[in-house]
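Subject: Structure handover

Hello,

I am passing this structure on to you. Please open it alongside this email and follow along.

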Amino acid sequence: MSSLFCLATRFLSTILFFAAAVGLFSWRYTQKSELDERPSSVGLVTRGYFVNCWCVALLARGCSSGAQLFGCSGVGCRVTYWDCRLLRGLADAPFCSTYGLFVLFVGHVSSTASGRTFPRLVPLFGILNGAFYAALIALAAKCLASREHADVYGDLAFDAIGCAYLGLLGLLAYFARDLRKTLTGDGAFLVPGELLQLARAMIGLLGLVFVCQAVHYFSWTSRGAEAWLTGKRGHTTCHGICAADLALDVGLELLPSVAGFALLRRGGDRRRGAPAPSPFASRYSSIV
């Protein structure tokens, strides 16, 4: 029964994430692009990158869940099986880097609104992602190649993801505080109201996700965390792990993606129906 339960939960996860990836991809490239109607801006370009990154992240999780149908059934769910653990855990890395793009965008908005300069958004995003994935790939390869130190390298890989989420949480808090201070001064008109509302909603959503994901991945390095899910006294089955994986994947990856996409789409629809820009629009045109 455990094998059938795992098969059903992982198949459901695969279908859900593939459907979400296809849905976002279809919307991104079948709707009339706002870039055809308005001059190119950092806000529009970043939103396009954000949706593209979400598609990749959802696709990665769907592929991971599909691969687990063949590689992590039955006895393959044991806590000591690092090939299965890495397959289950590392698929979240694209979500981490996707949300990092929005954190950098909040920093760009805050710096631009206060009249300061900010490094180029896309190159900085690429450099940080390259370093992040290089570290994860190196640790995963070391984990799979080493028998004696597999636990050390595997734990470091999961700790790296947890630390990345904590780092994003710290940057998000810093940029959000800086933006709030800027908007309470004389330059409040520099940022349009709809962008401010969107930023606040996304900051709250991502802050919650960052905290939950950091706790999630740090718990993976605890020897008793997943063993507790599978039962007491070392009794290991797939049932607890598969149920927890489905709940965590949907709750920490799929639902935040859908909620964030809904916020971005609502913001875009509001911009399309907005009245003509005010004389001050040029002062924040580089942001939105």
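Below is what was found, starting with the whole chain and moving on to single residues.

**The chain as a whole**

Please keep in mind that this is a predicted model. The chain has nine helices and zero strands. Read from the N terminus, the elements run α-α-α-α-α-α-α-α-α. The chain counts 288 residues, and 47% of them are buried. Take the contacts with a separation of 6 or more: 85% of these join residues 24 or more positions apart.

**The disulfide**

How many disulfides does the structure hold? It holds one. The partners are cysteine 6 and cysteine 242, with an S to S distance of 2.1 Å. The torsion about their S-S bond is about 100°, so this disulfide is right-handed. The pair links distant parts of the chain, 236 residues apart. Cysteine 6 sits in helix H1, residues 2-30. Cysteine 242 sits in helix H9, residues 238-272.

Are these two cysteines buried or exposed? Cysteine 6 has a relative accessible area of 2%, under the 20% cut-off, so it is buried. Cysteine 242 also comes out at 2% and is buried.

Two further cysteines are worth a look. Cysteine 143 is buried, at 2% relative accessible area. Cysteine 63 has 42% relative accessibility, which falls between the 20% and 50% limits, so it counts as partly exposed.

**H1 and H9, beyond the disulfide**

Arginine 10 is another residue of helix H1. It counts as buried, at 5% relative accessibility. Its C-alpha atom is 8.6 Å from that of aspartate 245, although the two residues are 235 apart along the chain.

Aspartate 249 belongs to helix H9. At 8% relative accessibility, aspartate 249 is buried too. Which residues does aspartate 249 contact, once neighbours within four places in sequence are left aside? They are Ser13, Phe17, Arg61 and Leu254. Of these, Ser13 and Phe17 fall within the residue range of H1.

**How H3 meets H6**

Now turn to helix H3, residues 82-89, and helix H6, residues 150-183. They pack at an angle of about 5°, and their axes are 11 Å apart. That angle is under 35 degrees, so H3 and H6 are roughly parallel to each other. From H3, the contact takes in Trp82, Arg85, Leu86 and Gly89. From H6, it takes in Ala150, Asp151, Gly154, Asp155, Phe158 and Ile161. What is the character of the residues in this contact? Five are nonpolar, two are polar and three are charged.

**Further along H6**

Leucine 172 also lies in helix H6. It counts as buried, with 2% relative accessibility. Leaving aside neighbours within four places in sequence, leucine 172 is in contact with Val103, Ile203, Leu206, Gly207 and Phe210. Its C-alpha is 9.9 Å from the C-alpha of phenylalanine 105. Those two residues are 67 apart in sequence.

**Around cysteine 53**

Two residues from separate helices both contact Cys53. One is threonine 98, in helix H4, residues 93-113. The other is phenylalanine 125, in helix H5, residues 121-145.

Start with threonine 98. It is buried, with a relative accessible area of 1%. Its side chain reaches the backbone oxygen of cysteine 53 at 3.4 Å. Beyond neighbours within four places in sequence, threonine 98 contacts Phe50, Cys53, Trp54 and Ala57.

Then look at phenylalanine 125. At 15% relative accessibility it is still under 20%, so it counts as buried. Not counting residues up to four places away in sequence, phenylalanine 125 touches Cys53, Ser97, Gly100, Leu101 and Leu104. The C-alpha atoms of phenylalanine 125 and leucine 104 are separated by 7.7 Å, and the two residues are 21 apart along the chain.

**Where to begin**

I would start with the disulfide between cysteine 6 and cysteine 242. Next, view the roughly parallel pair H3 and H6. Then finish at threonine 98 and its link to the backbone oxygen of cysteine 53.

Best wishes

Terms used
Residues are numbered from 1 along each chain as its sequence is written. This is a predicted model: local features need pLDDT of at least 70, side-chain atom pairs count only at pLDDT 80 or more; totals for chains, interfaces and linings use all residues. Side-chain values use heavy atoms; hydrogens and water are left out. Axes are lines fitted to C-alpha atoms, for helices over the stretch in contact, and angles run from 0 to 180 degrees between N-to-C directions. Helices (H or I, at least four residues) and strands (E, at least two) are DSSP runs, numbered from the N terminus. Angles under 35 degrees count as roughly parallel, over 145 as roughly antiparallel, 65 to 115 as roughly perpendicular and the rest as oblique. Contact means heavy atoms within 4.5 Å. Ala, Val, Leu, Ile, Met, Phe, Trp, Tyr, Cys and Pro count as nonpolar, Asp, Glu, Lys and Arg as charged, and the others, Gly among them, as polar. A disulfide is a pair of cysteine sulfur atoms within 2.5 Å. Buried means under 20% relative accessible area, exposed over 50%, partly exposed in between (1.4 Å probe, protein chains only). A polar contact is a pair of N or O atoms within 3.5 Å; within protein, one must be able to donate a hydrogen and the other to accept it, and residues adjacent in sequence count only if both atoms are side-chain atoms.
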